[in-house]
Amino acid sequence: MEDTSFTRENVAEPAAAAEEARIAVPDASVNTQPEQKSKKKRSKVHRVNAIMVWIMMAPGLLYLLINNFLPLYGLTMAFREPDFSLDSVLLSPFNGFENFEFIFQDPTIWLYVRNTVLYNLVFMALNIVIPITVAVLFTLIRSKWAKKTYQTCLLFPNLMSWVIVSYIALALFSNENGLINAIIKACGGTGFDFYSEDAQPYWPVILTLFNVWKTVGFQFLFYYSALLGINPSLYEAAKLDGATYWQQVKYVSLPGIKPMIITLFVMGLAGMFRSDYGLFYLVTSNAGPLYPVTQTIDTFVFNALKGNGDFVSSSAVGLLQSVIGFILIVGANLVLRKVDKENALF
C-alpha cells in the first residue's frame, strides 16, 4: 500500500521553492512606484519648459498680432467709400471695386508697373548669380581671419538703413558738394546734375549697384550655408574621378544648392510687384525729373497718400499687390511640381 504521509522535508521543499520565486520576482507595486515618480517628474519638467517657451514667444507673438494681423481689417478700406462723419472710418459704406478703377485709368501707373517689374527681374537675377559666385569663391578661403573679415565686409552694408545709404548717395551725387562733381571740377570739367532729366539713363545702373551692394551679403549667407551642408565625400569622390575645381562646382555644388536657389527664387516672386521704398524714394531724393526711371508702384502710392491723403486708393493698390504676389507664388509652385516635384515648396 502506497504511503501518502507527508514528512517535514516534503513540506519544506515546496515552501522553500515558493520563497525563492517570491524573492526572484519583485513585487510589481514596489517596482512601478519609482517609474511613476520619474514619469511625473519628466511630465512636470516638460510643462515647465513649455510654459517658459510660451513666455519667451509671447512678446514676438504679441508684436505679430498687433503689427501683422490686426491691420488686416484695414484692407476693407479698399472696398469702402470713406465717410469721416461716422465714429470710425472703418464703418464707411462699401462701394465695391470703385477704388480700383483709377489703377486702370491712370496712364502713368503702367509706367511705374513696368519700372517695378523690370527692376525686380534684374535684382532677382543678380541676387542669385552674384551671391552664389561669392559663396563658391568663399569656400576657397582657408584663413579663419580672412573669412571673418570678408564676412564682415559683406554683411556690413546690409546692417545699414536706407536712410544712411541715401546720405552716402547724396554725398556722391550732390550738385554742390558731391564727391563725383568735385572730382570732375578738379579735373577742369563742369559739374553734372545727377537729379535732372539728363541723368535718367544713369539711375537704373546706380540703383542696381546700390541694391546689390546692400543685399548681396544677406543672400550670400543662404547659399554659403547650403554649400556647407553638402556631404564632403561627394567632393572627395569627384577628386578621385579627376574632376577639376570648376567641375566640382558644376556637378556637386550647384546641384547641392539647387533647392535653396528654387526656394529663394519662388519667394522672390511674391515681391515682383513691390519695391524697396528706401531705395527708390530716399536714395533718389524723390527727385521729380527722375520719376520716369525711378518711380515704382510703392513710391507712387506713397506720393499719392502724402499729397492727396488718398489712403483708400493706397489700400486698393496694396491689396492688389498682395493678391498678385500670392498668385505668382502659387503659380510658380504648380509649375515646379510638374517639373521637379521634390523641390516644390508645397
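1. Which helix gives the most to the lining of the largest pocket? In this predicted model, that helix is α8, which contributes 7 residues to the lining. Helix α8 spans residues 203–228, and together with α4 (107–138) and α11 (258–269) it belongs to the elements that each supply at least two residues of this lining.

2. The largest pocket itself holds about 570 Å³ of space, and its lining comprises 23 residues, of which F123, M124, N127, Q219 and G268 lie nearest the centre. By class, the lining divides into 12 nonpolar, 8 polar and 3 charged residues.

3. The second largest pocket has a volume of about 480 Å³ and is lined by 19 residues, with T139, R142, Y235, Y245 and Q248 lying nearest its centre. Here the elements that give two or more residues are α4, α8, α9 (232–240) and α10 (245–256), so that α4 and α8 appear in the lists for the largest pocket and for the second largest pocket. The lining of the second largest pocket has 12 nonpolar, 3 polar and 4 charged residues.

4. Within helix α8, N211 deserves a separate remark: its relative accessible area is 7%, and because this falls under 20% the residue counts as buried. Leaving aside residues up to four places away in sequence, N211 touches F123, N127, W162 and L279; of these contacts, F123 and N127 are also listed among the residues nearest the centre of the largest pocket.

5. W162 has a further partner, since the charged end of K214 sits over the ring of W162 at 5.0 Å from the ring centre. A second arrangement of this kind involves R80, whose charged end lies over the ring of F94, 4.2 Å from its centre.

6. The count of aromatic pairs comes to 21. One of them joins F97 and F100, whose ring centres are 5.8 Å apart and whose planes meet at 50°, so the pair is classed as tilted. The two partners differ in exposure: F97 is exposed, at 62% relative accessibility, whereas F100 is buried, at 9%.

7. F218 and F222 form another aromatic pair, this one edge-to-face, with 5.1 Å from centre to centre and 90° between the planes. Both residues lie in helix α8, 4 residues apart, which is about one turn of the helix. F218, at 39% relative accessibility, is partly exposed, and F222, at 29%, is partly exposed as well.

8. Finally, ring pairs link F173, F192, F194, Y195, Y202 and W203 into a cluster.

Notes:
Residues numbered from 1 in each chain as written. Predicted model: local features only at pLDDT ≥ 70, side-chain atom pairs only at ≥ 80, totals over all residues. Heavy atoms only, no water. Phe/Tyr/Trp six-rings, centres within 6.5 Å; stacked < 30°, edge-to-face > 60°. Buried < 20%, exposed > 50% of the residue type's maximum accessible area, 1.4 Å probe, protein only. Lys NZ or Arg CZ within 6 Å of the ring centre and 35° of its normal. Contact = heavy atoms within 4.5 Å. 1 Å grid on protein atoms, 1.4 Å probe; cavity = no way out; pocket = protein on both sides within 12 Å on 5 of 7 lines; lining within 4 Å. Points joined across faces, edges and corners; volume = space filled by probe spheres on them. Nonpolar A, V, L, I, M, F, W, Y, C, P; charged D, E, K, R; others polar.
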